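This report concerns the strand pairing within one sheet of a protein model. Please consult the sequence and the coordinates alongside the text.

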Amino acid sequence: MHDMIIENGTLIDPAAGRNGRFDVAITQGKISAIEPDLSKAQASKRIDAAGQVVIPGMIDTHAHVYQYVTGKFGLNADMVGVQSGVTTIVDQGGPSCMTIGGFRHYVAEPSTTRSLCFISCYLVGGLEGHLYPDLYGPGGVNKEHTIKVALENLDMVRGIKAHAEIGGQSRWGLDVIKIGKEISRETKLPLYIHLGQLWPTADSAEIPDADELIRELTPLMEPGDIMAHPFTRHPGGFVSSTGEVHPILLEAVHNHGVRVDVGHGSHFSFEVARIALDAGILPHTLGADMHGYNVTVPSGKADGDREANPFFGVAPFNLTIAMTELLHLGVGLEDIIAMVTSNPASMLGMEDEIGSLQVGRPADISVLAIDSGRFLLSDNSGAEEVSDKLIRPLYCLKDGIHHDVTSPLVPEAIAA
Ligand SMILES: [Zn+2]
């Protein structure tokens, strides 16, 4: 006797090699059976998923949910998480060695969503740093303390976050990145590098060459490290000033185990995405990178400070819109599902716990609709495209508990 069966859906679970009609049973918060047909099995409740896609609970590898502490940046964890059909989120660089206790107490523990983080390599963490770039130099890093705190919090800290961009490089070169790499090595956690301009360049400095930054940075990356924002419209990303993907990055991704996270945010550009995908850059994971400057929060009002932010954005997006865009750009559905399930589980070193549906594991499950029609997609460079498919979250189960999609952060479909 199962508590619940989700039946008649199409199950896509890349790690388990399943793509087809499977029923999934849940008992006491865990998966209790996965079979092509459980119509004869007993269950207290049956949910019909005919015409829907059932996948392992989605994992958003790039969230900003250190609410209140990170100013306008931090969103509510459950709004980004279970209320959006996402069961696990990874805050990218919000908490630091100084503020991790608050993240655990005020975000990770009270949230229904499994809330993990990549700890900031900067003492101040992700405190609206674009406003205070001087806090992010080598003097604002304490390697020993960050290593100690990361190792003490490994249940929650799954990587190290740092920024490589020309504003920082104009002040300190790659010094902070090198310290970040030492923290990553000592903790055996991957290093996640933000690419694309974030901070203004120092007044006094010569503006560094964005392409040179990539050529100096890439050799520092090791297998399992992650480079983010491959589709950024800002300078200093994957595509060089002459319009092609840096050969050194292609080499790093294809032959040296360096991973790529979309980190959608307001960065995403259809034009840059096409160049990178055509060159063979297939992202490993698909972090949405939503924060209070690039999405409209429920209480948001007109705000000049917010609009002056380099990451202010108006094009509506979330994790499933990012999935829709990749589908529209020709990436296969199963590859896209892997980017929000098995691949992030591997990036987190948690492939034995999450990212695949297996009997006995926690029942973290996302259920999606894939609508057909004509849907308008846009990016923050002003480009508009019409997609004939739209991926939409319907509901999720987190540890077997049902959560409807109620988040105001899930954009409405726009008919084209
Ligand atoms: Zn971010």
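The following paragraphs describe the sheet, its pairings and a helix that packs on it.

The model is predicted: local features need pLDDT of at least 70, side-chain atom pairs count only at pLDDT 80 or more, and totals for chains, interfaces and linings use all residues. Residues are numbered from 1 along each chain as its sequence is written.

Helices (H or I, at least four residues) and strands (E, at least two) are DSSP runs numbered from the N terminus. Two strands count as paired if DSSP finds at least two bridges between them.

Six strands form an open sheet with mixed pairing, in the order β3-β2-β7-β15-β16-β17. Its edges are β3 (18-21) and β17 (401-404), each of which pairs on one side only. On average, neighbouring strands of this sheet are turned by 30° against each other, direction ignored; axes are lines fitted to C-alpha atoms, for helices over the stretch in contact, and angles run from 0 to 180 degrees between N-to-C directions.

Three antiparallel pairings are listed below.

| Strands | Bridges | Residues standing opposite |
|---|---|---|
| β7 (residues 53-56) and β15 (residues 365-378) | four | V53 and L368 |
| β15 and β16 (residues 384-398) | twelve | L376 and V386 |
| β16 and β17 | four | K398 and I401 |

β15 and β16 also form a hairpin, with five residues between them. In its turn, G382 has a positive phi of about 100°.

Helix α10 (residues 319-328) packs on the sheet and touches β15 and β16, where contact requires the C-beta atoms of two residues, placed from the backbone, to lie within 7 Å. The direction of α10 makes about 135° with that of β16.
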